Amino acid sequence: MAERISCFVMSGGVGSRLWPLSREDNPKQFHDLSGDGSMLVKTVRRLKARETGHTPIHVIAAERNAERIRTDLAGLDFSGGGPVFEPVGRNTAAAVAIAALHTIASHGDGMVLIVPSDHVISTDRDFWESVEAGVPAAQAGQVVVFGMKPMRPETGYGYIEAGEAFAAQDRAGNGVDCPGVRRVVRFVEKPDAETAARYVATSDFFWNTGIFLFRASVIRAAFLRHHRDIWLHAERALDIAVRDLSGIWLPLEAYASIPSISVDYAIMEHLCNIAMVPAGFRWSDLGSWQSLLEASPTDERGNVVTGDVVAIDCERSYLRSSGRLLSAVGLRDVAVVATDDATFVAPVAESQNVRHVVEQLEKWGRLEVKFTPAHDRVVLPGAWRQRVAHWLFEETLPRWSTAGVDERHGGFHEAVAFDGTPLGKPKRMRTMARQVYAYSVARLRGWDGPADELIAHGIAFMEKGRTQRGGWARTLNVDGSIADPCEDAYDHACVLLAFAWAHRAGNRDALARGGEAMAFVETWLEDERLTGFLETCDGTDLRRSNPHMHMLEAFLAWHEVTGERGYLRRAARIVDLFRTHFFDPESWTLGEYFDNEWKPAQGGQGLWTEPGHHFEWASLLVDFAARSKQSDLIRYARKLYASAVANGLNRATGLAYGAVSRDGLPLDLISRSWPQTEAIKAAIALDRADGPDLKPEIEARVARLFRWHIDPAPTGFWIDRIDERGRAVASEVPASIFYHLVTALMQYLDKTEGALVHPLPVADKGQAQETARPALREIA
């Protein structure tokens, strides 16, 4: 009786080597490259073609592709298997562990076959003959791999060095016939051309097809010995997974805790019990446009021509267009692939280097690596407009203008509980100033609430914090008495910003108060060397870029309000500091901490960068560039945005981390709400600033802000802190965030003014409170 073989199709990859066709939202395995079904569909059909033996088929896929899996594989019988959905990618070791665990739970110590979802194999019969040839070795305790005899010196494939013939014994000690099977000496990563040529000249090197066959108990023992944590975390994730008719849904919290590493590095390179079956089928991983040229039918001149293409006098070229007309004349050995929004051109032999293009685009934060343009998937500008307007004008401003105001002592509460109860915290000057700013912006945007009274209320309370030197104290007690008299550059930047916008909103006292604040800053806080501003009037050894960013924000506001170029000159000095000291041109990162000579601080502080500040600086630099005509600053802004997108985002939630190192290592895993608002502002600023259309990106960032920070909160409030696994960990609603939310979402409304949008359903206040209650329980 034929051995049961549980098949697991790995379908979580992106397939970026076939960019621009294959992208994060539409990976290679979902493309029909030959006209007879997608790569995934053909893989499942191949597995179903086994003639004897029970062969349950499972597809391990990204949860974000669940709907695509459902539609692509509709009508196919999985023979008792089904999809297994990963909430976040954890590389191949986690997937292999899940495959073995699921097999043990379902069938005991059964045979497991791991196959990629996006490879081309000549015939189903040849494939299964090779797999069945490996079964005796796998039964004998070997991990069986399948090697393809090289047809050329290929630098894009991994290699297997095969040794002596494999002689096996069964569990009773009897010899087992394994014709053609050889022991594996070693695996070799992608070699250079010279090394690959030497391999091809021997009979001992094979291309590694990435297909594995093993007994579940054998791989379990390997994990427990060499990477026990992967096995145990995967076991827990599978134990608590949700199972329904659509498949198995692995839980985010448990699955995200599994180390992300390939099975090659985690397990295979440590094993001695590996055998290789020389594949009896023709194979290609379609890892480049060259391999697709070789695997596809060609015309009489050796060309592959797909889509709306006119090719004249071309030879041995791959020419594909999935959008507009592509015309080519006289090309030899060239790959040209065109989509609606991108075109890739390279010599066929160099086409695998498209990965360098993708890496560069990812570093720049370009959306062309993530999203496929399609009429049925376009996110219209302003899609969130009605929800944003309702939240600002009908929920947040009305609630915060009552729950956030201290009617007894004056000013505004520093923080409130999720039921709106004030927490009685000392009141920071920056928070008071930001509230004045926010209500000024709201008034100018047409809010019909008591903005004038709230602005005057805030300014009157701020006056209680005046110091003997004429500055503003850092912190006040709840009753308005001074708690910390330190005069801080950060706070004074916020005070300047508040008075600028209060003046613009019509407050009679704001212009004079702003003049006093400007005079104080230049007298007491400006570095006598004219290299920026001191942290405090008394100075500190540690200097920060962040107060300077807020000073830049304030100077630009005063320039906008008054039109006086003196404020622009002040701003220019801060921008010069950015160019010469704050920005690292090698890593495209922005330093946070410096010594008194503006050199990066010693130790970890010198490596600390904050994605939120990258976004914030990006929008300010675009603003300054427009006013000063220093257009080269747009490139700096793009690099900051790209660096934050490439290295500063939690891939599970899409939210910006609190901090990362200069080389992209997460340092603060909490995602606060304000960096997400600054990402919206940066995308708005960079949209069409000599670059790509970022309107879909703007909509996506607004969606994430509502998904994680706004919608789970009680009406008019927000969840400020989300951990790395997407859990709310906030215990209060901080007032300082109000300024960030109002600024970003008002800018979004300005940006999408006049956009044609469809209404979004908005729950009434009673419904909103009901939906918020689970979030409150979670926070508690």
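**Exercise 1. Which residue in S23 does Thr475 stand opposite?**

Before we start: this is a predicted model, where local features need pLDDT of at least 70, side-chain atom pairs count only at pLDDT 80 or more, and totals for chains, interfaces and linings use all residues. Residues are numbered from 1 along each chain as its sequence is written, and side-chain values use heavy atoms, with hydrogens and water left out.

Step 1. Go to strand S22, residues 475-476. Strands here are DSSP runs (E, at least two residues) and helices are runs of H or I with at least four, both numbered from the N terminus.

Step 2. S22 and S23 pair in the antiparallel sense over two bridges. That's just enough to qualify, because two strands pair if DSSP finds at least two bridges between them.

Step 3. Read across from Thr475 and you land on Asp484 in S23.

**Exercise 2. Work out which strands stand at the edges of this sheet.**

Step 1. Write down the strand order: S21-S22-S23, an open sheet of three strands with antiparallel pairing.

Step 2. Look for strands with a single partner. Those are S21 (427-428) and S23 (482-484), so each of them has one side without a neighbour in the sheet.

**Exercise 3. Find out whether Trp588 and Lys629 are buried or exposed.**

Step 1. Get the cut-offs straight: buried is under 20% relative accessible area, exposed is over 50%, and partly exposed is in between (1.4 Å probe, protein chains only).

Step 2. Trp588 sits in the loop between strand S25 (583-584) and strand S26 (589-590). Its phi is positive, about 60°, although it is not a glycine. With 9% relative accessibility, Trp588 counts as buried.

Step 3. Lys629 also has a positive phi without being a glycine, near 70°. You'll find Lys629 in the loop between helix H19 (611-628) and helix H20 (633-647). At 66% relative accessibility, Lys629 counts as exposed.

**Exercise 4. Describe how the rings of Tyr437 and Trp501 are arranged.**

Step 1. Recall the recipe: a pair of aromatic rings is described by the distance of the centres and the angle of the planes. Rings of Phe, Tyr and Trp (its six-membered ring) pair if their centres lie within 6.5 Å; planes under 30 degrees apart are stacked, over 60 edge-to-face, and the rest tilted.

Step 2. A search of the whole structure turns up 35 aromatic pairs. In this one, the centres are 5.7 Å apart and the planes stand at 80°, so Tyr437 and Trp501 are edge-to-face.

Step 3. Place the two residues: Tyr437 is in helix H13 (residues 429-444) and Trp501 in helix H15 (residues 489-504), so the pair ties together parts 64 residues apart in sequence. Both Tyr437 and Trp501 are buried.

**Exercise 5. Check how the chain's radius of gyration fits a compact globule.**

Step 1. Take the rule: 2.2 Å times the number of residues to the power 0.38, with the radius of gyration taken over C-alpha atoms.

Step 2. For 780 residues the expected value is near 28 Å, and the chain has 31 Å, which agrees.

Step 3. Add some context. The C-alpha atoms fill a box of roughly 95 × 60 × 55 Å along the principal axes, and the chain has 24 helices and 33 strands. Buried residues make up 54% of the 780.
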